[in-house]
Amino acid sequence: MLFEDELAAVRATPPAQAHAEIAGALAGRPSVTGPVRDLLLGPHVVERLADAYEALWTEILSHEWPRLRAILQRDVAQRAGRLAAYG
């Protein structure tokens, strides 16, 4: 899946679903209060998280992605080789 497709899927998330998933992720943890709570339970949480995800990709990961992808591919190949050789 391309990053653009992933980002579109995030942006298409209904706020109610995002709120439910956030509540589940925070269950059993110390209470979140103040501005963080307002952000996470606010009506624009999906838009803000998608914008942050896009900025993270654009400013940090996209520049390093070819190198990171090569590392991941080598790791998968090595693990597959071990599995094939040793079960």
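The radius of gyration used here is taken over C-alpha atoms, and the rule for a globule is 2.2 Å times the number of residues to the power 0.38. With the whole protein selected, that radius is 18 Å, whereas a compact globule of 87 residues would have one near 12 Å.

Before you go on, note that this is a predicted model, where local features need pLDDT of at least 70, side-chain atom pairs count only at pLDDT 80 or more, and totals for chains, interfaces and linings use all residues. Residues are numbered from 1 along each chain as its sequence is written, and side-chain values use heavy atoms, with hydrogens and water left out.

Still in the full view, the C-alpha trace spans about 50 × 30 × 20 Å along its principal axes. Now colour by secondary structure: you will find four helices and zero strands. Here helices (H or I, at least four residues) and strands (E, at least two) are DSSP runs, numbered from the N terminus.

Next, select α2 (residues 15–26) and α4 (residues 45–86), which pack at about 75° with their axes 9 Å apart. Therefore α2 is roughly perpendicular to α4, a label for angles of 65 to 115 degrees. The axes are lines fitted to C-alpha atoms, for helices over the stretch in contact, and angles run from 0 to 180 degrees between N-to-C directions.

Show side chains at the meeting point: P15, A18, H19 and I22 of α2 meet V45, V46 and L49 of α4, where contact means heavy atoms within 4.5 Å.

Finally, colour by burial: 10% of the 87 residues are buried, meaning under 20% relative accessible area with a 1.4 Å probe, protein chains only.

Key
Angles under 35 degrees count as roughly parallel, over 145 as roughly antiparallel, 65 to 115 as roughly perpendicular and the rest as oblique. Buried means under 20% relative accessible area, exposed over 50%, partly exposed in between (1.4 Å probe, protein chains only).
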